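Reader: I should like a close look at a single part of this structure, followed by an account of how that part sits within the whole. Please keep the description connected and formal.

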Amino acid sequence: MKHSRNRTRSGLHVAAITAMIGIGSLLAATRGYASGAARVASARLTDGTYDGRREYAYYGYVKVQAVIKAGRLTDVRLYEYPNDNGRSHYINTVALPYLIQEAVDAQSWKVDLISGATFTSNAFAKSLQAALARAGA
Amino acid sequence: MRRTELIMGMPITVVIPDRERQDSLPGTVKFPTTESAALAVFDYFRGIDEQFSPYKPESETCRIDCGELAPGSASPEMREVLFLSEETQKLTGGYFDVWFQGRFDPSGLVKGWAITHAAQILEDDGFISFCIEAGGDIEVRGANEEAKPWVIGLRSPFDPEKLTHRLLLQNRGIATSGTYIRGEHIYNPRTGERANEIASLSVIGPNVFEADRLATAVFAMGASGIEFMARLPEFDACMIGWDDVATFTSGFAGHLVP
């Protein structure tokens with residue numbers, strides 16, 4: 001997983017990218033891509049069916065098959081469930097990890113408030129207040 | 001109406017949609033305007049700071065820490081926090097502990113607890129729609145200014161100016177634990193080591209108290225924490241690893257802005 005970013009750039013491991021897309025919530029995750037959280041689906045893809053490598057996905061190993069039609073990811077098939085570690089039943093309630101390729105500037109998304117880890121610096125707090133003001137504008 | 005004040009070393013923001021009154025209650029109301037309601041919330045947080053701050057020698061937290069005050073003789077509020085701390089410790093299999101290396105610090109629980117109590121102050125006065133945010137943890141009630149679900153952004157653990165996701169929330173609490181600003185400030189009480197296996201963990205729960213206490217404890221579990229969250233029916237969570245990889249519990253994606 002450490003080098004997943006490089007793999008996505010190479011374009012040779014499309015299925016490895018898709019290994020990170022939640023299977024249980026594939027449609028919802030794809031909506032996330034469309035809204036700009038990540039733009040894997042917008043990359044130029046060559047039509048075909050691609051097998052992924054066996055990848056460690058935090059809670060086990062998975063292997064997927066990605067189907068690309070008309071340059072777009074149209075299907076992801078999970079054909080090796082992580083059933084070799086006795087914890088595979090959790091996969092039904094945890095979506096598979098996916099790569100956040102592109103975070104979005106705070107001011108370019110209209111939000112009411114922002115959730116994030118705690119900070120203490122006043123300077124940072126002021127900077128954030130400005131960001132919040134922009135976000136709420 | 002939107003107000004932000006710096007209290008307890010962090011910005012606290014109250015947002016209340018400008019409506020005449022959001023609910024009709026019999027009798028008189030304490031806060032005739034949204035502004036006066038927000039000021040009451042800020043006053044409440046200032047009181048909490050005096051009582052629970054680990055940096056103020058006169059606070060109950062410091063007096064318990066140095067042994068000057070027996071926990072059993074503490075205020076009802078502190079005893080409630082102590083009770084909830086113990087409960088959280090059991091709930092998370094020891095991953096949450098207000099006593100770390102002999103020092104007493106209930107901060108991991110007080111913030112969410114205080115936000116939820118502050119929400120009660122507004123609710124008791126007839127407000128049904130508002131948001132209260134303290135240091136990135138948020139209680140979300142009712143609907144926003146446009147009478148739609150509140151839109152909450154998730155800050156990227158790698159860049160405070162960026163967001164990774166947008167969520168629609170109604171009558172829920174959300175809390176995020178991470179390591180990027182304060183340094184690695186969450187410890188695994190079981191090992192005494194810094195918990196830094198993952199970059200951030202955001203938890204959506206029935207209220208911000210429940211979300212916050214779980215976010216703090218489950219963050220310390222590292223990468224396996226997301227599995228723990230997946231087993232809790234009332235909660236959804238998003239974990240972000242140092243490699244930019246996000247993992248959701250299955251319900252989390254349902255909150256994403258389409």
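The answer below starts from one helix and works outward to its surroundings.

Author: The model is predicted, and the part chosen here is helix α5 of chain B, residues 208-219. What span should its 12 residues have at 1.5 Å a residue? The expected value is 16 Å, and because the end C-alpha atoms are 16 Å apart, the helix agrees with it.

The helix is mostly covered, with 12 of its 12 residues buried. The buried set includes charged residues as they appear in the chain, among them Glu210(B), Asp212(B) and Arg213(B). It also includes Val208(B), Phe209(B), Leu214(B), Val218(B) and Phe219(B). Which elements do these buried residues pack against? Three of the partners are helices of chain B, namely α3 (76-91), α4 (107-124) and α6 (225-230). The others are the strands β6, β9 (172-178) and β10 (198-205) of that chain. Among these partners, β6 (residues 137-141) is where confidence in chain B is highest, with a mean pLDDT of 96.

Within the helix, Val218(B) deserves separate attention. Leaving aside residues up to four places away in sequence, Val218(B) touches Thr92(B), Tyr95(B), Leu201(B), Gly225(B), Phe228(B) and Met229(B). Val218(B) is also listed with the residues that have the most contacts inside the largest nonpolar core. That core has 82 residues, and the others listed with Val218(B) are Phe45(B), Ile132(B), Ile152(B), Ile174(B), Val203(B) and Ala237(B). The core also draws at least three residues from each of domain 1 (4-104) and domain 2 (105-137) of chain A.

One of the residues touched by Val218(B) is Tyr95(B), which is found in the loop between α3 and β3 of chain B. Is Tyr95(B) buried or exposed? Tyr95(B) counts as buried because it has 23 C-beta neighbours inside 10 Å. The C-alpha atoms of Tyr95(B) and Met221(B) are separated by 6.9 Å, although the two residues are 126 apart along the chain.

The wider chain gives this region its context. Chain B holds six helices and 12 strands, and 52% of its 258 residues count as buried. Of its contacts with a separation of 6 or more, 58% are accounted for by residues 24 or more positions apart.

Chain A has four helices and seven strands, and buried residues make up 38% of its 137 residues. The two chains also share an open sheet of four strands, in the order β6(A)-β8(B)-β7(B)-β7(A), with mixed pairing. Its edge strands are β6 (104-105) and β7 (113-115) of chain A, each of which pairs on one side only. Two bridges join β6(A) to β8 (residues 159-169) of chain B, and these strands run antiparallel. Asp105(A) stands opposite Lys162(B) in β8(B).

Confidence should accompany any reading of these details. The model scores ipTM 0.85 and pTM 0.69. Chain B averages a pLDDT of 86, with 89% of the residues scoring at least 70. Among the strands and helices of chain B, β3 (residues 99-100) has the lowest confidence, at a mean of 75. Over residues 181-185 of chain B, pLDDT stays under 50, and the model has 12 contacts beyond four places in sequence for this stretch. Where pLDDT is low, predicted coordinates should not be read in detail.

Key: Residues are numbered from 1 along each chain as its sequence is written. Chains are lettered from A and ligands numbered from 1 in the order in which they are written. This is a predicted model: local features need pLDDT of at least 70, side-chain atom pairs count only at pLDDT 80 or more; totals for chains, interfaces and linings use all residues. A nonpolar core is a set of buried Ala, Val, Leu, Ile, Met, Phe, Trp, Tyr and Cys residues joined through C-beta atoms within 7 Å. A residue is buried if 20 or more other C-beta atoms lie within 10 Å of its own, exposed if 12 or fewer, and partly exposed in between; C-beta atoms are placed from the backbone. Domain bounds come from an automatic or database domain assignment. Two residues are in contact if their C-beta atoms, placed from the backbone, lie within 7 Å. pLDDT is the predictor's confidence in each residue, from 0 to 100. The expected span of a helix is 1.5 Å times one less than its number of residues. Two strands pair if DSSP finds at least two bridges between them.
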